[in-house]
Each structure stands twice: as structure tokens, then as C-alpha cells.
Amino acid sequence: MAEWGERDEPRLGEPPNVSVSRGEPRSDYLAGRDVFDALEDGVVAFDPALGRILDVNRKASALFGLDPAQLLALCLWQLSAADVADAQHSMAAFASTAVATGQAQFDWRFRRADGKPFWTEVRLLRSPVGKNRWLVAVIRDTDALKAALEESRLADERYRSLVKNLPKSAIILCDQAYRIVLVDGPEVGLSGITKEHMEGRTIYESLPPDFVAAIEPNIRRVLAGESFSAEIPFDDLWYTYNYVPIFDEAGSRVVYAMILAVNVTERRRAEDSLRKSEERFLRIFQSSVDAIAVMGAADGVILEVNPAFERTFGWRRSEAIGKTTRELDMWPDPESRERVLHQLVQGDAPDYVERQARRRDGTMLDGMVSLREIELDSVACYLCTFRDVTEHKRAERERERLFAELTARNAEMEQFTFTVSHDLKSPLVTITGFLGMLQRDMAAGDTARMQTDIARIGSAATKMMRLLSDLLQLSRIGQTAQSIERLKLSEVVHDALELLSAAVSEGKVQVELVSDFPEVVGDRVRLTQVVQNLVENAIKYMGDQSTPRVRIGVRPDPNYVVCFVSDNGVGIDPRYGDRIFGLFEKLNPRSEGTGIGLALVRRILEAHGGSVWVEAGVERGSTFVFRLPRPPSSAPSFAHAPEGALRRSQPKEGS
Amino acid sequence: MSISAEEVLLYVEDDPDHAELVLDTLSRHKSPVRVVHVEDGEAALAYLRRPDAQADPRPRLILLDLRLPKVDGFEVLRIVKSTPSLSTIPVVILTTSASDLDVARAYRDHVNSYLVKPDDYDSLDALLQEVSDYWLCRNEVSLEAVSE
């Protein structure tokens, strides 16, 4: 190419060396149709009076899609896309302005030959050619530009809308120099650093140093072409950073590092709180005193149990998981599980039901069972709680028993008091009555009668004393601590007979022991008293039996030790069989004794958990029968003592 | 109308000392009456049902203790008052019990009189005198009263 500064170019300071005349364009240059046609803008010369097109260049022709010949037949305003009348008017206005001032500039929408409208930027100039007032319109197709601008604007809008609507996100675009090219997104504001502050600056210049330290190595990796994610905190917020390299068009070189940062603080907090809540649940589960088991609802297979379950039922966790409660034989009967489920899994189900369950070692437990339907990992499950109340129930039963006993005792006491006061009055009446008689007899000087009077008074007083001491004895049964031990009944019988040896020999009574005597559990002294009273009774009521005989023996019985004392004496009318055990009931009013003996016998036996009754003898006489609970086969312990007053006593040392 | 010597008072009492007191007192009363003493309710009923009217006539009065062996006083009262042939015999209960319940029960079962054994001799004496005066000499007393 020609170098500047050769031949024709004037040197600085020197006048131009031109041979052409001043003010005239160079002719070789001037033959300018080429130039005219080479212009990038369309040029249309027209007559402002009518708008008639006088000349067009190639570009104009191309713009309008018409041959120059076609164009020359039209008026400029006719090429307008707008309404014809408006177009003509408006264009005329612009034309006038151009004529008057020398130029006008405006945007105009033309229509191509194919009907397609397009926007242009129009400059009207007064034509320099000739002396006529032509106007030249320089028409620049702004359509593409406008479209491009519009596209760009739309794109921009789309981009902005996208970025604005990114949930809790920010986009950072960073170049190889670690310079922030672009940053946008709703999270940017939250960071406290403005977009304007960051864009155009390096990360070192615009971001906090500890944050830069965290992301710089990541950016390096991205710029090297890696794509990955990381969770990094910013102040007290948490973000997930997605690092994406942006390659050039060839795909070989990383031009930008794109970082999409998503605020995951809430998610992390939710996860934290879920984890804490799970930990809390786990702690409760593990430390609960009640046994808890989680089972699949469909198959009843145990999925999880807590330590209390292991303790309560004796199954280790590893042994229970994977089995059903039926396989572990936990239910007392096969239908129990269905019943419990049916009761608890309903709309208005009670909070719990009382049910029994079996331990591994076979013992039955009383429990309060509750059931909740829960979902674990989308599987329907039952959360089942079992509270062992066996001890409570035992205490409750004991309490009820004691209460019943207390109530019965109170009633008995009332009856007792009533009977006693009534019956103590009797000897008093005797005493006072005979004191009166004594006075009368003294007045009459009848010493014989006086003596009998005094005797009567004395015996009545003695009777009262005996009555009172017997009553005391009776009331003491079951109250004071007694010594309970395992006894040989044979020893008890022998002791009783020894005490009665005088009466036996006096009455010439033959006593026979007709069987072996088993062991019983009870109070030695009291049981001896029972046998003694019964035998004494038998002896007393022999009547005029020439061969008085008393038989003592044992009857077979599966549940009790049953012992009898039978005599061949006068016998008792069976109608009065029960009355004779009443307080102060005497079979023979003239007999010795207070009528308390049999009442005592009954009381003692009841305290031992037994009973007594009378049967008519085979031929004559009567048979008194009493029974005691069978002692347990093992050594006696307090827990196995028979029900009744004995429960309150302490076992003797050595037993 | 005077009472013949064969009028019977059926006395039911199990306590021998009490019986002694009562029998002694009755024997010194002016109106002679034969006292038949039995010691339990069963014997009392047995006497009352005896067919031999001559040897053991129907008693003019039954003096009854409450607590008796075999058949108790209340039972005797009930049977006497519910048996048509016996129901007109007056029954006087003489007992140590002052219990309201016993009194109420006795009157419910149509006892004619309920007396509590006094605890001194003179009172007992006076009480029995009045009993025999009233129940055994009844007709004479009422006639006298009317004529006043």
C-alpha cells in the first residue's frame, strides 16, 4: 500500500503541492457514482414539494427491495409503513424543517417491497447538487440494530429476571486474573458488599480476606477446568458454592470461573434441628424407664428396642430385633396381641390398657401398654410402650386385702364390744342380786343360805375374771407378733394331750391317734391351744359314755391339711353346728368355762388361713374338723406365708 | 277372778344364778303360781307343743331371756307369736341387754313387754312383783280400777 508521505502528500509546514484548482473536487475522485453506491447507508434524493424520488443509491434499493427504476416512480412517503395520510403529512413537516434549517433527523418506519416494515434513522439534508432545493435522505437501517438492541434488552431482562428469581442465590463470574467480571443475584445484597464495589475489582480488593482465603483455591481449580461444589460459611450464613468453568468457543481454554452460590443456611439449620431432635428422641428412647419397642405395623417384626425393654423382658436387643412379639412368646395367649391392637388403634382409643406379658424366663408381668402409630422412613410402624406395674399391682392387691381385713375387723370389733358388754353384765346382775339376797338372809339370820349366797357371788366374780382374761386372749389373736414356723403337727398334738393329761385320766378317756400327722406352718402355742380346746370339749361332753373315746387323725385332701377330733359323747344338734363357735355360746349353761373356747379355736384357725366346723359322729358324739393351708414344699419365707394375720408377723430365727 | 294354783308361768333362762334369783323371788310372792323353768329355747318350745294339757297346761305368761343356747329368745318369741294356738300367751322378755336394736326387734315381733334385768336385788324383787301382779292378776286389777 502506498505509504503516507510520498509524492503528493504535503510535508508539514510546506504548502500543499497541488495542481488542482482550489475549491473544486478532483475529477478522478468526483466521478462518484461508485462512491454514491458504495455508501453503507441508503441515499434517496427527493423533491421536497411532492416527495418525488429523484435518485437512489444501491443501498437504498437494497433496503427497500425495489429496483431504482421502481423507486424513481414513487414518492418517499409512499414507502412508509405507517398510514399514508399521516406519512405524507409527517414527512412533509420534516422536509420543511430541513429546507428551512438545512437538516432534520428522525426515526422512520419504512416498508419493504415484500411488505415487511423496518425502522430507520433518517437524516434529511439540503442537496449540495445543483441550485434546485432538492433534499437528500440518508437512511440508516436501524432495524437490525433495534432488533439487536431489543434482543439484547430482552436478553438482559431475561437474565435479570432469572438472576433476581434465583432462590437465595448469587452468581459471580470471575476471570483468569481473579477479577470479578459480573456479580448478581438476590444474595449479593445480604453479603453487605455491593455489586458496584465488586464488579471490575479482583477478589482480593473487594472481598473479606478470610473468605478470599477460603475461595481462592477453589477458583484456581475452576479456572483450571474443574467442576465441583463446596459448602462454605460467610459470616453466620452457609452457602453451597457450585463452581463451573466457562470455556471459550473452541472449548479449550477456561475464560471465566462461574460461581453459583446458594444460601443454604435455612436448610442447614433445619438439618441441624432435625439432627438435634433425633438426638433428643434417641436420648429419651434410651433412657426411658418404660420398655419401648418399635415394630412394623404390617408384620409386627421388632425393629428397635430400648435398654428398658431389655431389662424388663430379659431379651437382649440383638435377640429381639427381627422377631415378632409372638415369636418371643410375650403374650399370655395368642389373641392378646389382636385384642390390644384393636383396643388401642382406634379413633377414641384410651391412652393405655392394662395387660399381662411374659418375660423371657416365663414369669408374667402386669403392665400398662400404650401404642402409637408412627412412620419411620416411610414405613408404617407401631411405637409400643410397656410400663411394668407388677409391683404396683401387688402392692395394690395387698392394700385392698388389708383394707378388707381392716373393715372386717372393725365390724368384728363392734360386734365383739356389743357382745362383751352384754355378757359381762350377766355376772354383775348375779352379784348384785345375791348381795340383796345376802342382806335379807342376814336379817333373817339364815347362815346356811348366807353361805350359799356368798358362794354364788364369789363364783360370779370369778366367772367375770375368767371372761375378761379369755376375751383378752381372743382379742390378741392376730394382733401381736407371733412366731411362725414349720411345725410337726404330731408334736402339737402330743403337747396338747400332755396339758390335758389330768382331765384325760380323770375322765378315763381313751385317746387314739389314728394317722400320721404332716407338717404345717403356724404358731406353735396357738395351734396347741386349738387341739387342747377341741379335745377338752370332747372330754367335757362325753356324758355318761361308759367307754369314752377320742380319736384324733388326718383326712386326705389335695389342698389343705385336714385334721379331725371325734368323740363318742353326747353329740351336738347339727342345727346348732355353727352357733357353737359364737362368742359366749355354751352348749351346756351349767358347765364350767366361759363359752369362749370354740370361738378362740375358730379365731386361731382363721388367722392361719384355715377354718373349723363340726360334723355329727357316725353313731353318736361329734367330730370337730379343722383345716390349715398346705405348707409350701420349700423352706418358709415371709412371701409364702398363708394369707391372713400371719402376714404381719416375722419369721422366727433359724427357720 | 282368782288364779288357780295350777296356773303356769313358763320361765326360760339359761343362767343358773339368775334363775335362782328369780325363782326365789317369785316363790315369796303372794300369788301362787307354778313356775316351769327351762334352760334353753328348744325346751321351751317343746313344752309349749306338749299335747298333754292336763299335766302341762298352757302357761299364763312366758318370761323369756334373750340369749339362750340352741334356740335363742327371739326365735321363741317369733314362733309363739306366729302360732295361732300360742299367740295369745303374753310374752315378757327379761334380759340383760338394754340395746335399742333388741328392744325394737322384740316389739316388732309382738312382745308384750321388754324388761331389762336390774342390777340390784330390791329392784329385781319389785319388778317381778309387778310383773306377776299385772300379768297373772290382770282381770282383778282392771275391775278394781273401773269401780273406783
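What percentage of the 148 residues in chain B is made up of buried residues? In this predicted model, buried residues come to 52% of that chain, and chain B is a convenient place to begin the tour.

**Chain B on its own**

Select chain B and colour it by secondary structure, and you should find 6 helices and 5 strands. Following the chain from the N terminus, the elements come in the order β-α-β-α-β-α-β-α-β-α-α, so written with two helices at the end of the run. If you then display contacts within chain B, counting those with a separation of 6 or more, 66% of them join residues that stand 24 or more positions apart.

**Where chain A meets chain B**

Next, show both chains and select the residues that touch across the boundary: 24 residues of chain A are in contact with 28 residues of chain B. Between them the two chains bury about 2500 Å², and 49% of this area lies on carbon and sulfur atoms. For the polar side of the interface, look for 8 residue pairs in polar contact between chain A and chain B, both residues of each pair being at pLDDT 80 or more. On the chain A side, the elements that give two or more residues are α15 (390-444) and α16 (447-476), and α15(A) gives the most, with 13 residues. Coloured by residue class, the side of chain A that touches chain B divides into 7 nonpolar, 6 polar and 11 charged residues.

The count of salt bridges between chain A and chain B is 4. To see one of them, select B:D24 and A:R440, whose side chains meet in a salt bridge at 3.1 Å, N to O.

**A loop residue in chain A**

Now move to A:D290, which lies in the loop between α11 (265-287) and β11 (291-296) of chain A. Is this residue, A:D290, buried or exposed? A:D290 counts as buried because its relative accessible area is 15%, which is under the 20% cut-off. Beyond its neighbours within four places in sequence, A:D290 is in contact with A:N306, A:A308, A:T385, A:F386 and A:R387, and showing these five as sticks gives a view of its surroundings.

**Two cysteines to finish**

Finally, select A:C381 and A:C384. A:C381 is buried, with a relative accessibility of 2%, and A:C384 is likewise buried, at 15%. How many disulfides does the structure hold over all chains? The number is 0, so neither of these cysteines takes part in a disulfide here.

Notes. Residues are numbered from 1 along each chain as its sequence is written. Chains are lettered from A and ligands numbered from 1 in the order in which they are written. This is a predicted model: local features need pLDDT of at least 70, side-chain atom pairs count only at pLDDT 80 or more; totals for chains, interfaces and linings use all residues. Side-chain values use heavy atoms; hydrogens and water are left out. Contact means heavy atoms within 4.5 Å. Buried area is the accessible area (1.4 Å probe) that two parts lose on being put together, summed over both. A polar contact is a pair of N or O atoms within 3.5 Å; within protein, one must be able to donate a hydrogen and the other to accept it, and residues adjacent in sequence count only if both atoms are side-chain atoms. Helices (H or I, at least four residues) and strands (E, at least two) are DSSP runs, numbered from the N terminus. Ala, Val, Leu, Ile, Met, Phe, Trp, Tyr, Cys and Pro count as nonpolar, Asp, Glu, Lys and Arg as charged, and the others, Gly among them, as polar. Buried means under 20% relative accessible area, exposed over 50%, partly exposed in between (1.4 Å probe, protein chains only). A disulfide is a pair of cysteine sulfur atoms within 2.5 Å.
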